[in-house]
Amino acid sequence: MQFRDLKRQYQVLKEDIDKAVMEVASDCNFISGRQVKELEEELAEYVGVKHCISCANGTDALTLAAMALEIGPGDAVFVPDFTFFSTGEIVSFAGAVPVFVDVDMDTFNIMPEHLEKMIQKTLEEGRLTPKAVIPVDLFGLTADYERIKKIADQYELFVIEDGAQGFGGSLGGNRACSFGDISTTSFFPAKPLGCYGDGGAVFTDDDQLAALLESFRIHGKGTMKYDNVRIGVNSRLDTIQAAILQVKLRAFREYELDKVNRAAAKYTELLKDTVKTPVIPAGYYSSWAQYTIQLDSREQRDSLQAALKEQGIPSMIYYPKPMHRQQAFADLNCSDAEYGNTIKLCDTVLSLPMHPYLEDSDVEKVAAVLCRCIQ
Ligand SMILES: *Cc1c(COP(=O)(O)O)cnc(C)c1O
């Protein structure tokens with residue numbers, strides 16, 4: 001059994017993917033080929049925003065967002081404590097300071113009450129200016145944007161949606177990557193929509209921000225590539241990746257998203273009386289980047305993982321360490337006392353195999369081993 005079966009996906013889509021890749025090879029339009037622009041238009045239309053600017057990866061997408069919003073020294077940026085490292089890393093990379101916020105035990109996403117508490121704490125300390133919040137759509141579930149946007153408005157913060165895992169999900173009928181002043185995603189192969197290498201994209205409705213993002217991603221270009229009006233980076237999605245994503249986006253829209261939702265429903269039906277299964281609140285739709293259960297203790301989690309492994313079932317711990325305990329952030333001197341939920345989750349979560357080509361029989365096998373292991 002595969003944790004995320006990209007080989008199976010390739011077998012199903014092989015004819016179209018091979019054709020798309022060979023077309024780029026024979027046209028030799030490896031950078032900025034027509035497929036890149038076409039894909040950006042398809043993605044913007046799908047997400048429901050005006051502009052999509054593709055780039056080299058999801059981390060660059062966040063960095064470009066920080067550059068466009070002029071996040072830098074003296075700024076505080078609020079980031080969930082339970083996420084992939086990038087979300088906090090890009091804040092420090094921009095010269096600003098990440099302030100970590102605890103997450104909700106049901107949704108794994110940033111907790112609005114704790115966000116407000118950490119903003120107030122930052123204001124009281126008076127060293128940093130609260131500038132932005134980066135909610136993460138963890139495991140495919142969008143964050144609570146209704147409440148986050150109210151808080152962001154009240155304290156005049158920009159919202160940068162980290163939709164690296166959220167692409168395809170929705171809240172109140174609006175799709176992930178449409179909630180931020182700027183929203184970002186990643187096309188790393190294992191994400192809900194992945195390419196065959198690194199890739200990412202930035203989304204915004206704002207014409208001015210879109211123009212800035214376009215410029216920053218190609219060496220701060222002005223009217224053309226050899227007219228440079230600001231310091232930027234080189235962060236492009238290459239044409240082969242765009243061509244592959246065009247094929248994969250079709251499958252994603254037509255059936256893959258539906259299939260992961262059916263697999264998740266089956267897991268939940270079989271597991272809900274034995275372990276804590278993921279909670280999808282009313283109005284939310286997940287793209288199931290991960291199907292993550294919670295056990296009672298680290299010992300129970302680790303022994304379950306070993307038992308699954310013995311039966312040939314892969315599982316992953318996303319994430320084993322809170323952001324505030326990462327050595328890279330040691331100089332921030334964060335206190336464990338603020339992050340009870342994240343600390344607990346790091347000890348008790350386990351992500352099970354999840355992808356659109358998972359069979360009912362696979363889900364049944366995982367559930368059987370799991371239920372035997374946990375009495
Ligand atoms: C994967 C991921 C990123 C980074 O994306 P890359 O394409 O790997 O750079 C950022 N944030 C989150 C939440 C992610 O899961």
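This short presentation covers the ligand site of the structure above and then several local features of the backbone. Please keep in mind throughout that the model is predicted.

I begin with the ligand. The ligand occupies the largest pocket. Around the ligand there are 13 residues, and those that come nearest are Gly58, Thr59, Asp162, Ser186 and Lys191. By residue class, the shell consists of eight polar, three nonpolar and two charged residues. Two helices deserve mention here: H3, spanning 58–68, and H4, spanning 86–93, each contribute at least two residues to that shell.

Which atoms of the ligand approach Gly58, Asp162 and Lys191? For Gly58, the partner is an oxygen atom of the ligand, 2.7 Å from a backbone N or O atom of the residue. For Asp162, a side-chain N or O atom lies 2.8 Å from a nitrogen atom of the ligand. For Lys191, the side chain places an N or O atom 2.7 Å from an oxygen atom of the ligand. How much of the ligand does the protein bury? Taken alone, the ligand exposes 380 Å², and the protein buries 93% of that area.

I turn next to helix H8, which covers residues 239–271 and carries a kink of about 60° centred on Phe252. At the start of H8, the backbone nitrogen of Ile240 has a side-chain oxygen of Asp238 within 3.2 Å.

Two loops remain to be described. The first topic is Glu70, in the loop that runs between H3 and strand E2, residues 75–80. Glu70 is not a glycine, yet its phi is positive, at about 55°. H3, on one side of this loop, is also one of the helices that supply residues to the shell around the ligand.

The other loop runs between helix H9, residues 298–310, and helix H10, residues 340–348, and contains Tyr319. The peptide bond joining Tyr318 and Tyr319 is cis, with omega of about 5°.

That concludes the presentation.

Key. Residues are numbered from 1 along each chain as its sequence is written. This is a predicted model: local features need pLDDT of at least 70, side-chain atom pairs count only at pLDDT 80 or more; totals for chains, interfaces and linings use all residues. Side-chain values use heavy atoms; hydrogens and water are left out. A residue is near a molecule or strand if one of its heavy atoms lies within 4 Å of it. A polar contact is a pair of N or O atoms within 3.5 Å; within protein, one must be able to donate a hydrogen and the other to accept it, and residues adjacent in sequence count only if both atoms are side-chain atoms. Accessible areas come from the Shrake-Rupley method with a 1.4 Å probe; for residues, only the protein chains shown count as cover. On a 1 Å grid over the protein atoms alone, a cavity is a set of points where a 1.4 Å probe fits but cannot get out, and a pocket is an open set with protein on both sides within 12 Å along at least five of seven lines; lining residues have an atom within 4 Å of a point. A molecule sits in a cavity or pocket if more than half of its atoms lie within 2 Å of its grid points. Helices (H or I, at least four residues) and strands (E, at least two) are DSSP runs, numbered from the N terminus. Ala, Val, Leu, Ile, Met, Phe, Trp, Tyr, Cys and Pro count as nonpolar, Asp, Glu, Lys and Arg as charged, and the others, Gly among them, as polar. The bend at a residue is the angle between axes fitted to the seven residues ending there and the seven starting there.
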